Amino acid sequence: MRILTLSTLFPNAVQPNFGVFVERQCQNLVARPDVDLTVINPIAMPPFPLRYAPPYKALRQLPEHEQWHGLDVHRPHFPILPKIGGAANARNIANAVLPLAKQLHAQNPFDLIDSEFFYPDGPAAMLLSKALNLPFTIKARGADIHYWAGKGGCKNQILAAADKSAGLLAVSQAMKDDMVALGINRDKITVHYTGCDQNIFHPDAQAQSDIASLIPTQPYSITVGALIARKNPYLVLEALEQVPDLHHVFVGAGEEETALKAAAERSGLAGRVYFTGALPHAALPGLLANAKMLILPSQSEGLANAWVEALACGTPIIISEAGGAHELVKDDRFGRIVGQTADNIAAAMRELHDHTVPRTKIRASVSNFTWERNAAELDGFFKGIIKTA
């Protein structure tokens, strides 16, 4: 089975955590018998002079073709107009990728195109599918539906790609329901839960020596993810003001980082709040396993990998009623699903502060979230698509 995976979100030397879950999915899929996979990771490139500014300057230096952690990865550039040109992204990707895809297909024919995000990957895959006469599938993960469907010129592309696809995947049942509400055919959608490396994320995970200094000696809560508005990081700060015996660690970077640090300073929380910036994915197990709780009150999610990874470490979670929250937190011993207010978050923090449930019991709640199971399901899904194409 020859798969062409199209994914705009994929790790590289400049952004090693960028879509690491897609990398893990691909690695475990290609490890299965009789599966061959080629990744095309289109790199967005703005016009002059922005392409010479960070991070684009560094991205321009990435090799166009490389072996990345055991995967065959191509990285062609496609043009973008930041903040105003989103509706053109899918066609720009298809135009940039098609010559390479034709060449690869001629050398060793593919059986299927797998697009890893609904927008812009899905509509781009639709255009490639027509040119190469191949079936294509799309996976919906969260913002690729919740955010892009609300952007001018994108929703119709999303619906057209869904209609033309040979099959669709959703990271949670809630994500599937959101897709149906958007106008997508329910019968075409298969729920496909993420995986988690259970050998790395576990209650006894130790912090790496270079990360240990980032862990407060006092009990701490933790937030893992991009520091952007839709993740509601300011609510975490407001809640922390009401729980004086907890410190908090923000792991990640993003456009709100500077403002968030300033807000912590104004609130008198600077001595209790730690900002690590972006960290290698391998640094997360120790940080999560030593935390009292993970707090991630996002406005929208599909089913966040950070939720699963925290629970696998035996760490309870406080999350908003977003995406597949209820599919993961089925017992309040393992966490709380709360309203998106500081008071609700603070109340949950106080309840979990003296949490006495054994971490092994919390871990058991996500024992089925493995990359091996994820890959086996994906293998069967793709083979079914190819068989009926």
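Start by selecting strand S7, residues 112-115. Both of its faces are covered. Leu112 and Asp114 on one side are buried, and so are Ile113 and Ser115 on the other. Buried means under 20% relative accessible area, exposed means over 50%, and partly exposed lies in between, with a 1.4 Å probe and protein chains only. In a regular strand the side chains alternate between the two faces of the sheet.

Before moving on, note that this is a predicted model: local features need pLDDT of at least 70, side-chain atom pairs count only at pLDDT 80 or more, and totals for chains, interfaces and linings use all residues. Residues are numbered from 1 along each chain as its sequence is written, and side-chain values use heavy atoms, with hydrogens and water left out. Helices (H or I, at least four residues) and strands (E, at least two) are DSSP runs, numbered from the N terminus.

**Stop 1: the neighbours of S7**

Add strand S1, residues 2-6. S1 and S7 run parallel and are joined by four bridges. Two strands pair if DSSP finds at least two bridges between them. Pick Ile3: its bridge partner in S7 is Leu112. Leu4 stands opposite Ile113 in S7.

Now add strand S8, residues 136-140. S7 and S8 pair in the parallel sense over three bridges. Which residue of S8 is the bridge partner of Ile113? Select Phe136 to see the partner.

**Stop 2: the eight-stranded sheet**

Widen the selection to the whole sheet. Eight strands form an open sheet in the order S4-S5-S2-S1-S7-S8-S9-S10. The pairing is mixed. At the edges are strand S4 (65-68) and strand S10 (189-191), and each pairs on one side only. Neighbouring strands are turned by 25° against each other on average, direction ignored. Axes here are lines fitted to C-alpha atoms, for helices over the stretch in contact, and angles run from 0 to 180 degrees between N-to-C directions.

Within this sheet, go to Thr38 in strand S2 (residues 36-40). Is Thr38 buried or exposed? Its relative accessible area is 5%, so Thr38 is buried. Contact means heavy atoms within 4.5 Å. Leaving aside neighbours within four places in sequence, Thr38 is in contact with Arg2, Ile3, Leu4, Thr5, Asp72, His74, Leu104 and Phe110.

**Stop 3: helix H4**

Select residues 121-132, helix H4. H4 lies across S1, S7 and S8 and runs at about 170° to S7. Ser129 is in this helix. Ser129 counts as buried because its relative accessibility is 11%. Draw a distance from the C-alpha atom of Ser129 to that of Ile113: the separation is 7.1 Å, with their positions 16 residues apart along the chain. Leaving aside neighbours within four places in sequence, the contacts of Ser129 are Ile113, Leu134, Pro135 and Phe136.

**Stop 4: helices H1 and H15**

Two packed helices are described by the angle between their axes and the distance between the axes. Select H1 (residues 20-30) and H15 (residues 371-388). They pack at an angle of about 70°, with axes 9 Å apart. H1 and H15 are therefore roughly perpendicular to each other. Angles under 35 degrees count as roughly parallel, over 145 as roughly antiparallel, 65 to 115 as roughly perpendicular and the rest as oblique.

Show side chains at the contact. From H1 come Phe21, Arg24, Gln25, Asn28 and Leu29. They meet Trp371, Glu372, Asn374, Ala375, Leu378, Asp379 and Phe382 in H15. The contact residues divide into six nonpolar, three polar and three charged. Here Ala, Val, Leu, Ile, Met, Phe, Trp, Tyr, Cys and Pro count as nonpolar, Asp, Glu, Lys and Arg as charged, and the others, Gly among them, as polar.

**Stop 5: the six-stranded sheet**

Next, select the open sheet with the order S13-S12-S11-S14-S15-S16. Its six strands have parallel pairing. The edge strands are S13 (273-277) and S16 (335-338), and each pairs on one side only. The twist averages 20° from one strand to the next.

Zoom in on S11 (residues 220-224) and S12 (residues 247-251), joined by five bridges. Tyr220 has His247 in S12 as its bridge partner.

**Stop 6: helices H13 and H8**

Finish with H13, residues 342-353. H13 lies across S11, S14 (293-296), S15 (317-320) and S16, running at about 170° to S16. Add H8, residues 233-240. The axes of H8 and H13 come within 8 Å and cross at roughly 60°. That makes H8 oblique to H13.

Leu235, Glu238, Ala239 and Leu240 in H8 meet Ala342, Ile345, Ala346 and Met349 in H13. The residues of this contact divide into seven nonpolar, no polar and one charged.
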